Amino acid sequence: MARRVIVHIGLMKSGTTFIQGRLGANRERLGAQGVLFPGPHWRRHVNAVQDLMRHQARTPGSWESLTQEVNAYDGTAVISMEYLVMARERAIDIIARAFRDAELRIVVGARDLGRTVPAMWQEAVKNRSTLTFAEYLDGIRDGAENGQRFWRQQHAGRIVTRWAKRLGPERVYVVTLPPPDAPGDVLWHRFCEVAGIRDDSSWDEPPRTNESLGVASALVMRRLNERTEDLEVRDYKLRVKAVGKHLLPSHRSAEDPIGFRVPDWLREEAARIRSQISGSGVHVVGDLDDLTPLDVPGVDPGTVDAEAELEAALVALEGAVRQAKRIRPL
């Protein structure tokens with residue numbers, strides 16, 4: 001029987017990929033400490049959570065399989081999947097029942113909204129959104145469909161309160177993402193503190209995945225989305241999403257990053273979120289000051305000139321041509 005179960009639920013863009021990657025790259029070292037990160041691949045966690053939350057793409061039995069392995073383990077087990085930020089009472093109750101005999105800790109990663117907004121817009125564009133950055137920001141402010149989705153995934157105050165009310169605040173831990181000038185391993189140290197991982201050795205690093213794009217490349221992806229709305233989901237992932245994942249990141253160092261100046265209304269919401277977390281009674285690992293929104297240096301996507309977009313598009317085209325199978329002449 002697992003003595004402790006860590007359920008890391010996100011938030012999205014709060015260092016989840018970094019934590020998941022490091023856990024996956026160090027399964028043997030963690031195992032030597034008595035810590036299980038179920039594998040062999042992180043996809044196991046995705047499948048289990050999709051099954052738990054009755055996603056249309058779920059594989060029935062995946063959640064039961066994962067919980068059986070965790071409950072059979074004599075030590076600490078870690079589950080990490082950011083879809084869980086959207087879990088409602090039914091799914092939360094199932095998690096509580098599944099691990100009722102263990103010390104259950106829910107870990108919520110939280111990041112300042114200044115860095116989160118442009119990161120989430122870029123993620124949306126990499127997943128077929130055609131909204132401009134200005135339209136995306138307006139939707140967050142005004143409660144449009146994209147804004148409602150954003151807050152379901154990013155309103156740390158509501159998410160923390162929901163889990164704390166259902167499980168008790170003593171079981172919920174908020175781990176704040178440190179500011180950009182902090183040493184690179186601060187987030188990992190904070191996660192290890194919650195999980196009970198001995199952070200006393202060097203750790204293997206996984207291959208970089210889900211790398212961010214420069215501002216011009218993000219705009220190219222948005223335009224591609226407009227031109228490929230007729231593609232089936234599978235074809236989009238193989239043909240268009242792959243451009244953003246495999247071809248355009250290499251151009252990032254030659255581009256300006258996405259810049260963002262935090263508006264007053266977002267600062268006010270961030271203050272409300274901080275107050276909700278502080279008043280919820282949950283554990284905070286890090287500092288709630290880390291959630292003060294930061295302006296992001298870079299270029300407003302609405303001001304990028306056509307030449308920069310053209311260069312990014314040519315980088316993608318060159319990469320596609322070099323990797324494509326030879327096209328037979330007619």
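This tour moves through a predicted model one selection at a time, saying at each stop what to select and what is found there.

**The sheet**

Begin by selecting the six strands of the open sheet, which follow one another in the order β2-β3-β1-β4-β5-β6 and pair in the parallel sense. Strands of a sheet pair through backbone hydrogen bonds, either parallel or antiparallel. The edges of this sheet are β2, residues 35-36, and β6, residues 283-285, each of which pairs on one side only.

Next, select β3, residues 76-80, and look at what surrounds it. Five of the five residues of β3 are buried, so this strand is largely enclosed by the rest of the structure. In a regular strand the side chains alternate between the two faces of the sheet. In β3 both faces are covered, with T76, V78 and S80 buried on one side and A77 and I79 buried on the other.

Keep β3 selected and add the strands that pair with it. Strand β1, residues 4-8, runs parallel to β3 and is joined to it by five bridges, and here H8 can be seen opposite S80 of β3. Strand β2 also pairs with β3 in the parallel sense, over two bridges, and in this pair L36 stands opposite A77 of β3.

Now move along the sheet to β4, residues 103-110, and β5, residues 172-176, which run parallel and are joined by five bridges. If you select G109, its bridge partner in β5 is V175.

**The helix that is mostly covered**

Select helix α3, residues 43-52, where eight of the ten residues are buried. The buried residues are R44, H45, V46, A48, V49, Q50, D51 and L52. Which elements cover these buried residues of α3? Among them are α4 (62-71), β3 (76-80) and α5 (89-98), and showing these elements together with α3 lets you see the cover. Just after the helix, stop at R54, which follows α3 and has a positive phi, near 60°.

**Two pairs of helices**

With α4 and α5 still in view, compare their directions: the two helices pack at an angle of about 35°, with their axes 11 Å apart. W63, T67 and N71 of α4 make this contact with I94, I95 and A98 of α5. By class, the residues of the contact between α4 and α5 divide into four nonpolar, two polar and no charged.

For the second pair, select α8, residues 145-154, and α9, residues 156-167, which pack at an angle of about 50° with their axes 6 Å apart. That angle makes α8 oblique to α9. From α8, the residues W151, R152, Q153 and Q154 meet A156, R158 and I159 of α9. The contact of α8 with α9 has three nonpolar, two polar and two charged residues.

**The cores**

Return to I95, which you met in the contact between α4 and α5, and show its surroundings. Leaving aside neighbours within four places in sequence, I95 is in contact with V7, L52, W63, L84, L104 and W163. The largest nonpolar core has 79 residues, and those that touch the most other members are I9, L84, I95, I106, W163 and I277. A second, separate core has 20 residues, including L30, Y173, L177 and I197.

**Three stops in the loops**

Select R88 in the loop between β3 and α5. Is R88 buried, partly exposed or exposed? Its relative accessibility is 49%, and residues count as exposed only when over 50%, so R88 counts as partly exposed. From R88 to M53 there are 35 residues in sequence, and the two are 8.8 Å apart in space, C-alpha to C-alpha.

Go next to S212, in the loop between α10 (186-195) and α11 (215-227). This residue is partly exposed, with a relative accessible area of 25%. Leaving aside neighbours within four places in sequence, S212 is in contact with Q122, K126, P249 and R252. S212 and I258 are 46 residues apart in sequence and 9.9 Å apart in space, C-alpha to C-alpha.

Finish at V296, which lies in the loop between β6 and α14 (306-323). Apart from neighbours within four places in sequence, V296 is in contact with G114, R115, P118, I258, G259 and F260. Between V296 and G15 the separation is 281 residues in sequence and 17 Å in space, C-alpha to C-alpha.

Technical notes. Residues are numbered from 1 along each chain as its sequence is written. This is a predicted model: local features need pLDDT of at least 70, side-chain atom pairs count only at pLDDT 80 or more; totals for chains, interfaces and linings use all residues. Side-chain values use heavy atoms; hydrogens and water are left out. A nonpolar core is a set of buried Ala, Val, Leu, Ile, Met, Phe, Trp, Tyr and Cys residues joined through side-chain atoms within 4.5 Å. Buried means under 20% relative accessible area, exposed over 50%, partly exposed in between (1.4 Å probe, protein chains only). Contact means heavy atoms within 4.5 Å. Two strands pair if DSSP finds at least two bridges between them. Helices (H or I, at least four residues) and strands (E, at least two) are DSSP runs, numbered from the N terminus. Axes are lines fitted to C-alpha atoms, for helices over the stretch in contact, and angles run from 0 to 180 degrees between N-to-C directions. Angles under 35 degrees count as roughly parallel, over 145 as roughly antiparallel, 65 to 115 as roughly perpendicular and the rest as oblique. Ala, Val, Leu, Ile, Met, Phe, Trp, Tyr, Cys and Pro count as nonpolar, Asp, Glu, Lys and Arg as charged, and the others, Gly among them, as polar.
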